[in-house]
Amino acid sequence: MQDTLANFFSGIVITITRSIRTGDYVNLDSGEEGYVTDITWRNAVIRTVPNNLVIVPNTTIATSSFTNYHLDNKESGIKLEVGVAYDSDLKKVEKATLEVANATLKELQGGVTSFEPKLRYHTFDSSSINFSLIFRVEDYFDRFMIVHELIKRIHERYEQENIEIPFPITNIYYRTPLELQGEVAQKS
């Protein structure tokens, strides 16, 4: 009876605080994410992206951290991480990337065109200079298609502009036993 009462009172708290509502897109700290389709006195039902239903006890929601992407505003900020080669003209990279981002957000449903995309360089990595492309989508779920298209379009534009997206390379120097013997003999 204790679990039942705990879920019941947690359901009341969730309903009163309106921290999660039917139709909200949520990401629980346990990893489940999707749209809330129902909240009962005992549990919440979440429809995941692959169209599965996850039943979550109200006590789990009431006692854990979660992200509600619809709570205050359905618009969501998205960060796309990209890296370019060290010999890239960073002004050219910024210009090309922002042009692609602006065009993509205007052409695809779900892009927020009133928010100007931002590009911010942040890391000198082992094989690239990394930056974040920051933009907004109307609904958190819209990020999937927009990121998909942005990656394709940025890749195509970088090929046209001869901007390299590097991949990590490791050089391995191998010496034969004879070379090692020669080194030992030289040190003696």
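In what order do the 3 strands of the open sheet come, and is their pairing parallel or antiparallel? That is where I'd like to start today, everyone. The order is β6-β8-β7, and the pairing is antiparallel. At the edges sit β6 (76-84) and β7 (118-124), each of them pairing on one side only. Going from one strand to the next, the twist averages 25°.

Before I go further, a word about confidence. What we have here is a predicted model. The mean pLDDT over the chain is 88, and 92% of the residues score at least 70. Element by element, helix α3 (residues 90-107) has the highest mean, at 98, while helix α5 (residues 177-187) has the lowest, at 68. As a general caution, predicted coordinates should not be read in detail where pLDDT is low.

Back to that sheet, then. Strand β8 (residues 129-137) is joined to β6 by 9 bridges, and the two run antiparallel. If you want a pair to click on, try Val82, which stands opposite Phe131 in β8. Helix α3 packs on this sheet and touches β6, β7 and β8. The direction of α3 makes about 20° with that of β8.

Now, α3 has another neighbour to look at. Its axis and that of helix α4 (residues 143-161) come within 10 Å and cross at roughly 140°. How should we class that angle? Angles over 145 degrees would count as roughly antiparallel and 65 to 115 as roughly perpendicular, so this one falls among the rest, and α3 is therefore oblique to α4. The crossing of the two helices is right-handed. On the α3 side, the residues making the contact include Val93, Ala96, Val100 and Leu105. From α4, the contributors include Ile146, Leu150, Ile154 and Tyr158. There are charged names on the list too, among them Lys92 and Glu99 of α3 and Arg153 and Arg157 of α4.

Let's move over to the other sheet. This open sheet has 5 strands in the order β4-β3-β2-β1-β5, again with antiparallel pairing. Here β4 (53-57) and β5 (66-68) are the edge strands, each pairing on one side only. The twist in this sheet averages 35° from one strand to the next. Strand β3 (residues 43-48) pairs with β4 in the antiparallel sense over 5 bridges. Within that pairing, Ile46 has Val54 of β4 as its bridge partner.

The loop between β3 and β4 holds Asn51, and this residue is worth a stop for anyone who likes backbone torsions. Its phi is near 75°, which is positive although Asn51 is not a glycine. In general, most residues other than glycine have a negative phi. Asn162 is another case, with a positive phi of about 55°. You'll find Asn162 in the loop between α4 and α5. Is Asn162 buried or exposed? The relative accessible area of Asn162 is 71%, so it counts as exposed, the cut-off being over 50%.

One more residue before I hand over: Val13, which belongs to helix α1 (residues 2-17). The relative accessible area of Val13 is 44%, so Val13 is partly exposed. How far is Val13 from Ile55, C-alpha to C-alpha? These atoms are separated by 18 Å, with the two residues 42 apart along the chain.

That's my tour, and thanks for listening!

Note on methods: Residues are numbered from 1 along each chain as its sequence is written. This is a predicted model: local features need pLDDT of at least 70, side-chain atom pairs count only at pLDDT 80 or more; totals for chains, interfaces and linings use all residues. Side-chain values use heavy atoms; hydrogens and water are left out. Helices (H or I, at least four residues) and strands (E, at least two) are DSSP runs, numbered from the N terminus. Buried means under 20% relative accessible area, exposed over 50%, partly exposed in between (1.4 Å probe, protein chains only). pLDDT is the predictor's confidence in each residue, from 0 to 100. Two strands pair if DSSP finds at least two bridges between them. Axes are lines fitted to C-alpha atoms, for helices over the stretch in contact, and angles run from 0 to 180 degrees between N-to-C directions. Contact means heavy atoms within 4.5 Å. Angles under 35 degrees count as roughly parallel, over 145 as roughly antiparallel, 65 to 115 as roughly perpendicular and the rest as oblique. A crossing is left-handed if the near helix is turned anticlockwise from the far one by less than a right angle, and right-handed if clockwise.
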